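Welcome! Let us take a walk through this structure together, one region at a time. Keep the sequence and the 3D view open as you read.

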Amino acid sequence: MADRHVDHLLIGGGLASGNCARHLRENGDGSILLVGREPEPPYNRPALTKGYLAHTEERAMDYFRPPEFWEEQNIELMTRMNVMKIDTDAHTATLMNKDVITYGNALIATGANVNLLRVEGMGQEGIHYLRAFGSSDSILEDLDKLGRRVTLIGGSYIGCEVAATLSRHGCGCQIIMLEDLPLQRTLGDDLGAWTRRHLERLGVQLHPGESLASFEGDGERVTSVVCESGLKLETDIVVIGAGVHPDTMLAKAAGLEIGERGGILTDANLRTSAADVFAAGDVAEWYSAAHESHIRVEHWDVAFNHGRTAALNMLGQDVKHEVVPYFWTDMADVEIESVGPAYGWDRVILRGSIDDPSFSVWYLQGNRVAQVAAVGRAHDIEVGKKLIAERREIPTDQLESLGNVEFDVACLA
Ligand SMILES: Cc1cc2nc3c(=O)[nH]c(=O)nc-3n(C[C@H](O)[C@H](O)[C@H](O)COP(=O)(O)OP(=O)(O)OC[C@H]3O[C@@H](n4cnc5c(N)ncnc54)[C@H](O)[C@@H]3O)c2cc1C
């Protein structure tokens with residue numbers, strides 16, 4: 001027996017759900033219930049490695065909307081609550097408190113979980129992952145309590161951003177990473193080299209080509225990080241950034257189709273394989289016409305825009321998600337922006353030089369632009385976005401011969 005009915009049930013208390021609720025309300029008057037397991041209302045996670053970790057932003061500044069917004073908009077917000085099960089035939093969801101909700105339609109926006117490492121010495125005090133406010137809070141507490149030597153495991157976004165933020169605030173930061181260069185896997189060699197130099201100027205020590213073997217400690221707290229090569233780094237704190245995976249537990253148990261990239265498979269309207277169930281944000285693997293394939297990313301901008309697309313479709317409109325994914329990373333107030341994503345490329349064109357204050361990197365697959373990443377070149381990002389959206393074949397040699405001058409799509413006839 002169901003305890004009650006809602007028109008729109010939003011599962012997951014993050015940005016995708018939050019923005020979906022907002023657009024459902026702006027465009028309709030049905031009942032909305034947003035269920036999230038964290039204690040906070042939806043908030044912006046990017047601050048966790050940046051302003052919030054640097055103590056320059058208060059928690060409330062990072063909320064997606066102020067706490068009173070939800071009640072004012074007649075959106076029921078249930079925090080500290082898990083959805084345990086959904087039955088897509090019966091259109092019901094069972095909550096942690098055993099309440100059963102029937103829904104008209106539902107959104108699954110359960111986000112992503114960090115990849116856990118299984119090495120000797122895990123579980124000691126001072127070792128952290130970073131995904132939620134709680135994790136940033138414990139890092140800040142440990143900096144006061146244990147000391148300010150910080151080792152980052154992984155040379156991707158989390159590792160680089162945390163190292164940049166904490167170095168600027170007086171911590172001694174070191175990064176160990178498998179790659180030769182930071183951010184190399186997603187941004188290649190040019191931006192990898194630029195990032196290495198940027199981090200080194202901030203005082204970060206990088207240890208490329210190193211694989212974590214174990215953590216040593218005094219029985220309670222971590223004291224050093226040991227690599228397979230024998231390299232041993234003394235440390236007070238460890239922050240692990242070893243990637244994330246979409247949280248599909250609920251979706252899998254409900255029998256929803258899962259894609260090759262591990263996310264919940266949807267069409268271009270973010271509809272899953274179950275009737276009246278949509279997916280959005282980090283957990284969704286949606287059909288992108290610009291890529292002629294299903295894609296999945298973990299970008300703030302995508303979760304935000306997915307929220308709107310899902311809401312309009314939940315209200316019966318027919319809206320395809322056509323926004324080209326945009327991402328930014330900020331390392332001590334210096335940003336790399338990117339549109340794409342490229343899951344591979346066969347040629348790279350560098351416009352400008354990594355020694356310039358601004359430059360861009362163009363990642364090509366055949367005659368098409370798969371991704372553009374840039375420092376201080378918003379115009380190139382816009383042009384790249386148009387070319388990716390239109391799947392335009394371009395004369396790539398002409399792009400190269402344009403050198404460093406600003407150009408528009410029309411120049412690539
Ligand atoms: C530290 C950090 C820094 C970042 N920095 C950047 C950046 O600089 N630029 C950028 O573009 N992106 C950045 N991102 C990525 C961006 O924040 C994410 O893409 C975005 O938060 C995804 O939103 P979401 O709503 O899909 O998922 P999430 O924000 O993960 O929200 C999902 C929520 O659902 C909850 N949940 C899961 N299962 C259930 C359940 N069964 N019942 C109830 N609740 C459930 C989860 O606990 C979570 O609170 C960063 C992410 C992190 C973690």
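## A guided walk

Strand E4 (residues 83–87) and strand E5 (residues 92–95) make a good starting point: they pair in the antiparallel sense over four bridges. To find where they meet, look for Asp 87, whose bridge partner in E5 is Thr 92. Please keep in mind throughout that this is a predicted model. The hairpin of E4 and E5 has four residues between the strands, and there His 91 takes a positive phi near 60 degrees.

Now follow the chain onward from E5. This strand also pairs with strand E6 (residues 100–108), in the antiparallel sense and over three bridges. Thr 92 appears again here, with Thr 102 as its bridge partner in E6. So far, then, Thr 92 has shown up as a partner of Asp 87 and of Thr 102. E5 and E6 form a hairpin too, with four residues between them, and Lys 98 in its turn has a positive phi of about 80 degrees. In general, the strands of a sheet pair through backbone hydrogen bonds, either parallel or antiparallel.

Another positive phi can be found at Asn 74, a residue other than glycine, where the value is near 55 degrees. Asn 74 has its place in the loop between helix H2 (68–72) and strand E3 (75–78).

Next, let us turn to a sheet with parallel pairing. Five strands form this open sheet, and their order is E8-E15-E9-E10-E11. At its edges are strand E8 (127–129) and strand E11 (205–207), each of which pairs on one side only. On average, neighbouring strands of this sheet are turned by 20 degrees against each other, direction ignored. Within the sheet, strand E9 (residues 149–153) runs parallel to strand E10 (residues 172–176), and five bridges join them. One spot to look for is Arg 149, with Gly 172 as its bridge partner in E10.

A sheet with antiparallel pairing comes next. It is an open sheet of three strands in the order E12-E13-E14. Strand E12 (212–217) and strand E14 (232–234) are the edge strands, and each pairs on one side only. Here, neighbouring strands are turned by 20 degrees against each other on average, direction ignored. E12 and strand E13 (residues 222–227) run antiparallel and are joined by five bridges. You can locate this pairing at Leu 212, which stands opposite Cys 227 in E13.

Further along the chain, E21 pairs with strand E22 (residues 334–339) in the antiparallel sense, over six bridges. Tyr 326 stands opposite Val 339 in E22. The hairpin of these two strands has two residues between them, and Ala 332 takes a positive phi near 55 degrees there. E22 is also joined to strand E25 (residues 368–375) by three bridges, and these two run antiparallel. In that pairing, Ser 338 has Ala 373 as its bridge partner in E25. Beyond E22 there is a cis peptide bond to look for, joining Gly 340 and Pro 341 with an omega of about -5 degrees. Pro 341 is found in the loop between E22 and strand E23 (347–351).

Finally, let us visit the ligand. Which residues are closest to it? Of the 33 residues that surround the ligand, the closest are Glu 38, Arg 45, Lys 50, Arg 131 and Asp 282. By class, this shell has 14 nonpolar, ten polar and nine charged residues. The shell draws at least three residues from each of domain 1 (4–113 + 244–314) and domain 2 (116–240).

Several polar atoms help you to place the ligand in the view. A polar backbone atom of Leu 15 is 3.1 Å from an oxygen atom of the ligand. In the side chain of Arg 37, an N or O atom is 3.1 Å from a nitrogen atom of the ligand. Trp 328 has a backbone N or O atom that lies 2.8 Å from a nitrogen atom of the ligand. Taken alone, the ligand exposes 1000 Å², and the protein buries 95% of that. The elements that give two or more residues to the shell are helix H1 (15–27), helix H4 (157–168), helix H7 (300–314) and strand E21 (326–331). With E21 we are back at a strand from earlier in the walk, the one that pairs with E22.

Technical notes: Residues are numbered from 1 along each chain as its sequence is written. This is a predicted model: local features need pLDDT of at least 70, side-chain atom pairs count only at pLDDT 80 or more; totals for chains, interfaces and linings use all residues. Side-chain values use heavy atoms; hydrogens and water are left out. Two strands pair if DSSP finds at least two bridges between them. Axes are lines fitted to C-alpha atoms, for helices over the stretch in contact, and angles run from 0 to 180 degrees between N-to-C directions. A residue is near a molecule or strand if one of its heavy atoms lies within 4 Å of it. A polar contact is a pair of N or O atoms within 3.5 Å; within protein, one must be able to donate a hydrogen and the other to accept it, and residues adjacent in sequence count only if both atoms are side-chain atoms. Accessible areas come from the Shrake-Rupley method with a 1.4 Å probe; for residues, only the protein chains shown count as cover. Ala, Val, Leu, Ile, Met, Phe, Trp, Tyr, Cys and Pro count as nonpolar, Asp, Glu, Lys and Arg as charged, and the others, Gly among them, as polar. Domain bounds come from an automatic or database domain assignment.
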